[in-house]
There are 2 protein chains.
Amino acid sequence: MAERPLRRDAERNRRLLLETAHALMARDGLEVTYEEIATAAGTGMGTVYRRFPDRQELVDILFAEHIDAVVELARQACQYDDPWAGLTWFMEQQLELEAGNRGLGQLLRGGHQSSELVIRGRARITPLAADLLKRAIRAGQLPAAVLPADLVTIHLMVGAVMDAARHVDPDLWRRALTVALAGLQHAELPARQPDDNLIDRLFAVPAAPRDKKAAHEPAE
Amino acid sequence: MAERPLRRDAERNRRLLLETAHALMARDGLEVTYEEIATAAGTGMGTVYRRFPDRQELVDILFAEHIDAVVELARQACQYDDPWAGLTWFMEQQLELEAGNRGLGQLLRGGHQSSELVIRGRARITPLAADLLKRAIRAGQLPAAVLPADLVTIHLMVGAVMDAARHVDPDLWRRALTVALAGLQHAELPARQPDDNLIDRLFAVPAAPRDKKAAHEPAE
DNA sequence: GCCGAAGTGGAATATGAATTCAACTTGAGA
DNA sequence: TCTCAAGTTGAATTCATATTCCACTTCGGC
């Protein structure tokens, strides 16, 4: 199984490409062109393809540790004695990472087809956050109607502000987060059966939108 | 100036194309292909191009009345005696329209290059909403630190949930709106100089991202 | 230093949507 | 009915990004 090690120069290029690709994806998002990566790294694009024939794999390699970092944040948040303090701290920390890394935000907030790595990452975070949430409710810090899915929702909401304001007011998301968290505490939410796996469905890809047609039957 | 009227059959096609294009953009968003439109309408794509050589113009034609409708909602909201009731009603109505029309949401929430029509539309809505906001604050229904830009922010936030949940739980945005509005009422927001035209900047297009390069100086 | 496997560059090609256009209809006025 | 400007079509072309591939280097073992 053990692949033969790369030649010295190839290994150097590989690292350079990883660095470069990460810098670009952190700044511009996951959809940077292989050509951009190659150019920025000063290699030919053939080299990028040779080393990373599958973009998803490249992304996984680049962001694995970042995802772990978020999981770690969730763990630390669970250490808080005050569950609400832990929850708000986690949200802020997570979003701060995303603010500094566009690609990470895209992965965590979905919208693309997610790799196993990302799915598992979210699956590690969700229960930790849900636990914090449950404890906060038990402590009377949050209304009982708040669901784990609401945390995902808030994440999406604040993330949208971050995306929209990135080049205008890079910290506006903090204000949005303040609003969202206050809303969670004070909103009178309708009770709702813990229709969980709503979370999973939220991140599931919209399925194959087969027949684009049939959109419009001209009125008779 | 008066263009000669279209031939009967051409006029029929034009209408059919408008209907079809609107149906598609309402369902799938503004980026539907001219070919999709043509196919769905049963014409050749050349016909679409002949009639609507500029996509932005097509979009303007299709959505002008929808935008007017939103402006009208804002007007009606201003009639409310209770400003907060008016504001929440407006937000909900506006988002409801967007929920039924993906393209409208894209226009109103920006992200694309906006046409004059859209910019003017937003410019008609903003002061109405801002007025409602000011009155709500004066009535003690909202903290004084809430700014008009916060309404835009909330719009973006709820819209993001709508987009993410559209095919999973088409009403989830209502829950998000409840949270956001409650947050506005209860959040302790830092005072902030009415840096308005923050709103305009939020919608301004990210400028020409010239040189993609210079992203990564390989570490020495 | 020599050799071949490993590695590289970037032109060539594949894709897919956007746009054009020349050959082919058709409506409607004389 | 006849004519032709107006209208239509879809194949061909343009663009832009994705992917392949092979002639040309370079590394590292002998």
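How do the residues of the surface near DNA strand C divide into nonpolar, polar and charged? They come out as seven nonpolar, seven polar and eight charged. Keep in mind that this is a predicted model.

**The DNA side**

Let's stay with strand C for a moment. There are 22 residues around DNA strand C, and the ones that come nearest are Asn13(A), Thr43(A), Gly44(A), Gly46(A) and Arg8(B). The elements giving two or more residues to that surface are H1 and H3 of chain A, plus H1, H2 and H3 of chain B. H3(A) gives the most, with four residues.

Now for the other strand. DNA strand D is surrounded by 21 residues, with Arg8(A), Asn13(B), Gly44(B), Gly46(B) and Thr47(B) the closest. Here at least two residues each come from helix H1 (8-28), helix H2 (34-41) and helix H3 (45-51) of chain A, and from H1 and helix H3 (45-51) of chain B. H3(B) supplies the largest share of this surface, four residues. By type, the surface near strand D divides into seven nonpolar, seven polar and seven charged residues.

**What the record says**

Two UniProt annotations for chain A, both from an unreviewed entry, are worth setting beside the model. One of them, "domain: HTH tetR-type", covers residues 11-70. The other, "DNA-binding region", covers residues 33-52. The table gives what the model has over each of these stretches.

| Stretch of chain A | Helix | Strand | Distance between end C-alpha atoms |
|---|---|---|---|
| Residues 11-70 | 82% | 0% | 28 Å |
| Residues 33-52 | 75% | 0% | 13 Å |

**Chain A as a whole**

Zooming out, chain A has ten helices and zero strands. From the N terminus on, the elements simply read α-α-α-α-α-α-α-α-α-α. The C-alpha trace of chain A spans about 65 × 60 × 45 Å along its principal axes. Of its 220 residues, 39% count as buried. As for how the chain meets itself, take the contacts between residues at least 6 apart in sequence: 65% of them join residues at least 24 apart.

**Two helices up close**

Start with helix H4 of chain A, residues 55-79. At 1.5 Å a residue, its 25 residues should span 36 Å, and the end C-alpha atoms are indeed 36 Å apart, so the two values agree. There is also a kink of about 50° in H4(A), centred on Phe63(A). Phe63(A) is itself one of the buried residues of H4(A), a list that also has Leu58(A), Val59(A), Leu62(A), His66(A), Ile67(A), Val70(A), Leu73(A), Ala74(A) and Ala77(A). What covers these buried residues includes H1, helix H5 (83-100), helix H6 (102-109) and helix H7 (116-138) of chain A.

Next comes H5(A). Its 18 residues should span 26 Å at 1.5 Å a residue, and the end C-alpha atoms are 26 Å apart, so expectation and model agree here. The buried residues of H5(A) are Pro83(A), Trp84(A), Gly86(A), Leu87(A), Thr88(A), Phe90(A), Met91(A), Gln94(A), Leu95(A) and Glu98(A). Their cover includes H4, H6, H7, helix H8 (148-165) and H9 of chain A.

**One residue in the packing**

Is Leu177(A) buried or exposed? It has 24 other C-beta atoms within 10 Å, and a residue counts as buried at 20 or more, so Leu177(A) is buried. This leucine is found in helix H9 (residues 172-186) of chain A. Leaving aside neighbours within four places in sequence, Leu177(A) is in contact with Met91(A), Glu92(A), Leu95(A) and Val158(A). Take Met91(A): the pair is 86 residues apart in sequence, yet 8.2 Å apart in space, C-alpha to C-alpha. Met91(A) and Leu95(A) also appear among the buried residues of H5(A).

**Where the chains meet**

Finally, the protein-protein contact. It takes 42 residues from chain B and 42 residues from chain A. On the chain B side, helix H1 (8-28), helix H2 (34-41), helix H8 (148-165), helix H9 (172-186) and helix H10 (198-203) each supply at least two residues. H9(B) gives the most to that side, with ten residues. The residues of chain B that touch chain A divide into 23 nonpolar, ten polar and nine charged.

Methods. Residues are numbered from 1 along each chain as its sequence is written. Chains are lettered from A and ligands numbered from 1 in the order in which they are written. This is a predicted model: local features need pLDDT of at least 70, side-chain atom pairs count only at pLDDT 80 or more; totals for chains, interfaces and linings use all residues. Two residues are in contact if their C-beta atoms, placed from the backbone, lie within 7 Å. Ala, Val, Leu, Ile, Met, Phe, Trp, Tyr, Cys and Pro count as nonpolar, Asp, Glu, Lys and Arg as charged, and the others, Gly among them, as polar. UniProt positions are given in the numbering used here, feature names are shortened, and annotations may be inferred rather than shown by experiment. A residue is near a molecule or strand if its C-beta atom, placed from the backbone, lies within 6 Å of it. The expected span of a helix is 1.5 Å times one less than its number of residues. The bend at a residue is the angle between axes fitted to the seven residues ending there and the seven starting there. A residue is buried if 20 or more other C-beta atoms lie within 10 Å of its own, exposed if 12 or fewer, and partly exposed in between; C-beta atoms are placed from the backbone.
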